[in-house]
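Grab a viewer and work through a few short exercises on the structure below. Each one comes with a step-by-step solution.

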Amino acid sequence: MDPSDPQSDDLVTLTDLTREFSSGGGFMKPRRTMRAVNNVSLGVPRGKVTGVVGESGCGKSTLARLVLRLLEATEGTVVFDGKNLATQSQTEMRKLRRQMQMVFQDPYSAIDPRYTIRRALLEPFQVQGDSKSAAEAKLAAEELISMVGLNPRMMASFPHQLSGGQKQRVGIARALALRPSFLVLDEPTASLDVSIQAQIIDLLENLKEELGLTYLFISHDLSLVRYFCDRVVVMYLGRVMEILPGPGVLPRHHYAHALLDSNFEPDPTRRKVVTMLSGEIPSPFATIPGCAFAARCPAATDLCNRERPPLADLGDGHMIACHHPMD
Amino acid sequence: MAALDPIKTAVRSPRGGLSAAVLVLVVACALFAPWIAPYAYDIQNLPGSNAEPSRTHWMGTDEFGRDLMSRIIYGARTSLSVAITAISISVVSGLTLGAMAGYFGGWFDRAVTAVVDLTWSFPEILIALILIAIIGPGVESVMVAISIAYLAQFTRLTRAQIMALKNETYVEATANLGAGHFHIIFRHLLPNALTPVIVAGMLATGDAIILEATLGFFGLGAQPPTPSWGAMMSSGTAQIFIAPWIIIFPGLAIAATVISINLFGDALIEALDIRNRLRSV
């Protein structure tokens, strides 16, 4: 499918997306480069929830920022609704940001401590230059705050007077203020209590139905991803290992299998043997010519160390980057 | 208003209250000098020179028979206006430079940091003396010299604040709403960085009064007959054994003002709970 076609099923298309960070360097010392995101190609289908899972440091959050062009890509393109983000001017980019918003991991620092909730909710309009009369502003702020299930009486509060869950609701309301069609959720529940997590996920699910949103859901919580996502992308060391087309589809990549298998099963009658991985994650600074997982994979062969496996389609959108997939 | 609460708390503490009272007195002297001063500051009375403190001249007279108390009251004008103007210029420039350097980084940051660290390594008095040697003595030169001498301090403090604040999630969140650098710096970073810089500016005003007095003592500041506390002390050195009050009273005025500024600043730091942020420079 042509990614520049606005009628495409994918709202966002990533092609060979790569981001490098370099650090160190100095007198007679070379700078070291790491690839946080390495050749990621991915489509985010309209109206669906695409989950991205992986261990800490696998490049999930970098990917989220690249998708929104909060970071510039070293290589590759992000096409949003038929538009290549890298070629948009500053003005065009500002307009496009109305369409794509983000909910952040840490609600505690996502609102300026000097802003009242009301001012924080109206900031999106101010930034975008939507002038509103006092009455319109009041209406808009009230609509937003009730949309996320908060009491309009909180409008005059400061962030430190709110709980973590309430702050995250404000964060969601801010992200929705400009009526986006695409939301990147960067571990939106990671810093919340479990009971509050469920409420936030519920809220996100309802908002998606109501407003017809498309989500890119970044998480390390595997059970949450299985519950919430229509499609699961498994990342390891900045690379996509496997894309599962549905929550019920069993993983066939050795890493994806080990990762999703590590999920705790509360029912003792269904207890399973957990496959333990040996070895450690290679340094992100190392250049790996073959499969990133080869050093720890039980099925690795010479080929895996030599040649990087391409992301191949197994049918039904089930993609896998492995020379020797599991049965 | 919520912003005034820390000031109220500071005034309510014993040292804050006492120092605030002295400061109000000094500022009142500076503002209403013509109405408060019993005599004009420049009327000479040579037969009555070097008179000791008495009912008619509470602090005595100087070597030209001018009333010392009137000169000290008018001197508050020179000291405060020079110090406050100089520090205000310094704070505003330091905020701008420090915010740009801390936010944008890169070669601009390296250039600003290099210059700032260079001036930081010299005592303020040396920088001020060099500058006055270049631009010549006078009230305006003293203002410029003091403001440049203290610039390094405010630039460093602001830069450190901005560098810490720019990694907060709300900065990224605002950028994602489509906000430009201008909006992020002026609506988010500077308001959050302002408090410690303002308090540091207040404390520096005390130092600036001493610096102004020092430069006045060397005859580099306000030129006669305009009274300046430093210049008055300087002229008192010649009469130190026959009329010690000429040097004592201006010295007391300087000491009382500077101690009060420091005590009040300290009470304010306590009330705002920002001691750590000031130390992080």
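**Exercise 1. How many bridges join strand E6 (residues 100-103) of chain A to E7(A), and do they run parallel or antiparallel?**

Solution. Keep in mind that this is a predicted model.
- Step one: count the bridges between E6 and E7 of chain A, and you get 4.
- Step two: check the direction; the two strands run parallel.
- Step three: pick a pair to anchor the picture, such as A:Met100, whose bridge partner in E7(A) is A:Phe182.

**Exercise 2. Find which strand E7(A) pairs with over 5 bridges, and follow the chain across.**

Solution.
- Step one: the strand is E8 (residues 214-219) of chain A, again with parallel pairing.
- Step two: a handy pair here is A:Leu185 with its partner A:Phe217 in E8(A).
- Step three: trace the path from E7(A) to E8(A); the chain goes through helix H6 (residues 194-211) of chain A, and this β-α-β crossover is right-handed.

**Exercise 3. Decide whether the faces of E7(A) are covered or open.**

Solution.
- Step one: look at the strand as a whole; 5 of the 5 residues in E7 (residues 182-186) of chain A are buried.
- Step two: split them by side. A:Phe182, A:Val184 and A:Asp186 sit on one side, with A:Leu183 and A:Leu185 on the other.
- Step three: since those residues are all buried, both faces of E7(A) come out as covered.

**Exercise 4. Check the length of helix H5 (residues 164-176) of chain A, then work out what encloses this helix.**

Solution.
- Step one: at 1.5 Å a residue, the 13 residues of H5(A) should span 18 Å.
- Step two: the end C-alpha atoms of H5(A) are 18 Å apart, so expectation and model agree.
- Step three: 11 of the 13 residues are buried, which means H5(A) is largely enclosed by the rest of the structure. Among the buried ones are A:Lys167, A:Arg169, A:Val170, A:Ile172 and A:Arg174.
- Step four: the cover over the buried residues of H5(A) includes E6, E7, H6, helix H3 (117-128) and helix H4 (134-147) of chain A.

**Exercise 5. Zoom out: what radius of gyration does chain A have, and how does this value sit against a compact globule?**

Solution.
- Step one: for 327 residues, the globule rule gives a value near 20 Å.
- Step two: chain A has 21 Å, which agrees.
- Step three: add the dimensions; along its principal axes the C-alpha trace spans about 70 × 55 × 50 Å.
- Step four: look at contacts with a separation of 6 or more in chain A; residues 24 or more positions apart account for 64% of them.
- Step five: for burial, 39% of the 327 residues of chain A count as buried.

Note on methods. Residues numbered from 1 in each chain as written. Chains lettered and ligands numbered in written order. Predicted model: local features only at pLDDT ≥ 70, side-chain atom pairs only at ≥ 80, totals over all residues. Rg over C-alpha atoms; globule rule 2.2 N^0.38 Å. Buried ≥ 20, exposed ≤ 12 C-beta atoms within 10 Å, placed from the backbone. Contact = placed C-beta atoms within 7 Å. Pairing = 2+ DSSP bridges. Right-handed = clockwise from strand over helix to strand, strands pointing away. Expected span 1.5 Å × (residues − 1).
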